[in-house]
Amino acid sequence: MAAGVSNTTANDDWGKANFNDIYDCPDPRPYFATLGPLEYQIPHHGQAVFRALAHALRCLHPDRTPLNVVDLCCSYGINTALLNYRVTLADLSTRYTSHRLSALPTRHLAAEDRTFFAARRRPEAATATGIDSAARAVGYARAVGLLDHAFAENLEVTEPSPALRRALAGTDLITVTGGVGYVFTRTFTRLLDSMPAPPWVAAFVLRTVPYRPIADLLARSGLVTEKLPTRTFRQRRFADSAERYAAFDALAVNGLHAAGKEADGFYHTDLYVSRPAPDIAALPLARLL
């Protein structure tokens, strides 16, 4: 993709329903209780993709063990749980909406979660660094052992802390599911500036949000961005008609059509994977996934 796009800021006003009250709770139960009825599913799709990418990285670069994975907009550590542990998104949804756990104080839930996840850790688990502006969500993920390093920092607003810079130094893979739009080129610039070598980047991005500026930025660091051409991935149902029509308007602005995708009542995402050209030549995206 060509360089030279000047759009450098995130945009958090693109018609989506406001779920701010669930993003920074003491534990994940309100998050799953709210998003479950909307058939929230993008971390499920991310699980298969991120595991495939991690496996490919280990095959192409066997010296990178364990891998260092940064989950951007990590929330309660859901992507890391699905990458590193023998659980599914359905398992987590069932767990956090169960009657048995509904009345537990957060500290007791965290104690149960530490045991739950420790018993399910995969032998090839990556070292996980989570970044999110939601301090309580990130803190919960760190407290239950999902994140090895946790940072409640907003890189759209401030430079990374010295501790975050140190944690980013050996990054092999950046993952993000749905956060692009809330974070944008300023965040990715600060991430790349903290890394001696550019990592792979895997991003599920709503079709209502342009990814070109980020892809151009990554290109200047030597990464080639491919979009999976064969399919899109559902994120969740539209919360209401206002959200649906706002999505249709955003798609029209970008010259896209909802037929066969958002017209089914769900947000749809594209998958973008950015890698150095030699890695793409050794393992093309179509074969990798």
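Let us start at one small spot: the side chains of Ser194 and Arg165 are joined by a polar contact of 3.0 Å. A polar contact here is a pair of N or O atoms within 3.5 Å; within protein, one must be able to donate a hydrogen and the other to accept it, and residues adjacent in sequence count only if both atoms are side-chain atoms. This is a predicted model, in which local features need pLDDT of at least 70 and side-chain atom pairs count only at pLDDT 80 or more, while totals for chains, interfaces and linings use all residues. Residues are numbered from 1 along each chain as its sequence is written, and side-chain values use heavy atoms, with hydrogens and water left out.

How confident is the predictor? On pLDDT, its confidence in each residue from 0 to 100, the chain has a mean of 93, and 95% of its residues reach 70 or more. Over residues 1-13, pLDDT stays under 50, and the model has 31 contacts beyond four places in sequence for them; a contact means heavy atoms within 4.5 Å.

Back to Ser194, which sits in the loop between α10 (185-193) and β5 (200-206). Helices (H or I, at least four residues) and strands (E, at least two) are DSSP runs, numbered from the N terminus. Ser194 has a relative accessible area of 9% and is therefore buried; buried means under 20% relative accessible area, exposed over 50%, and partly exposed in between (1.4 Å probe, protein chains only). Not counting residues up to four places away in sequence, Ser194 touches Pro160, Leu168 and Ala169 as well as Arg165.

Follow the loop into β5, and you reach a strand that is largely enclosed by the rest of the structure, because seven of its seven residues are buried. Trp200, Ala202, Phe204 and Leu206 point one way from β5, while Val201, Ala203 and Val205 point the other way. Strand β4 (residues 173-177) pairs with β5 in the parallel sense over five bridges, where pairing requires that DSSP finds at least two bridges between two strands. In this pairing, Leu173 stands opposite Trp200.

Next comes the nonpolar interior. A nonpolar core is a set of buried Ala, Val, Leu, Ile, Met, Phe, Trp, Tyr and Cys residues joined through side-chain atoms within 4.5 Å. The largest one has 54 residues, and those with the most contacts inside it are Tyr31, Leu53, Leu92 and Phe117. Helix α3 (residues 42-60) gives the largest share of this core, seven residues. A second, separate core has 31 residues, including Leu72, Val180, Val201 and Ala203. Leaving aside its neighbours within four places in sequence, Leu53 is in contact with Leu173, Trp200, Ala202, Val273 and Leu288.

Ala52 also lies in helix α3, but it counts as partly exposed, at 22% relative accessibility. Beyond four places in sequence, Ala52 touches Leu288 and Leu289.

Now for helix α11 (residues 212-220), whose buried residues are Pro213, Ile214, Ala215, Asp216, Leu217 and Leu218. These pack against α10, β5, β6 (223-227) and β8 (266-276). After α11 comes Gly222, with a positive phi near 95°.

Finally, how many disulfides are there? With a disulfide taken as a pair of cysteine sulfur atoms within 2.5 Å, the count comes to zero. The sulfur of Cys25 is 15 Å from the closest cysteine sulfur, in Cys74, which is too far for a bond. Cys74 is in no disulfide either, and the nearest cysteine sulfur, that of Cys73, is 8.1 Å away.

Conventions: pLDDT = per-residue confidence, 0-100.
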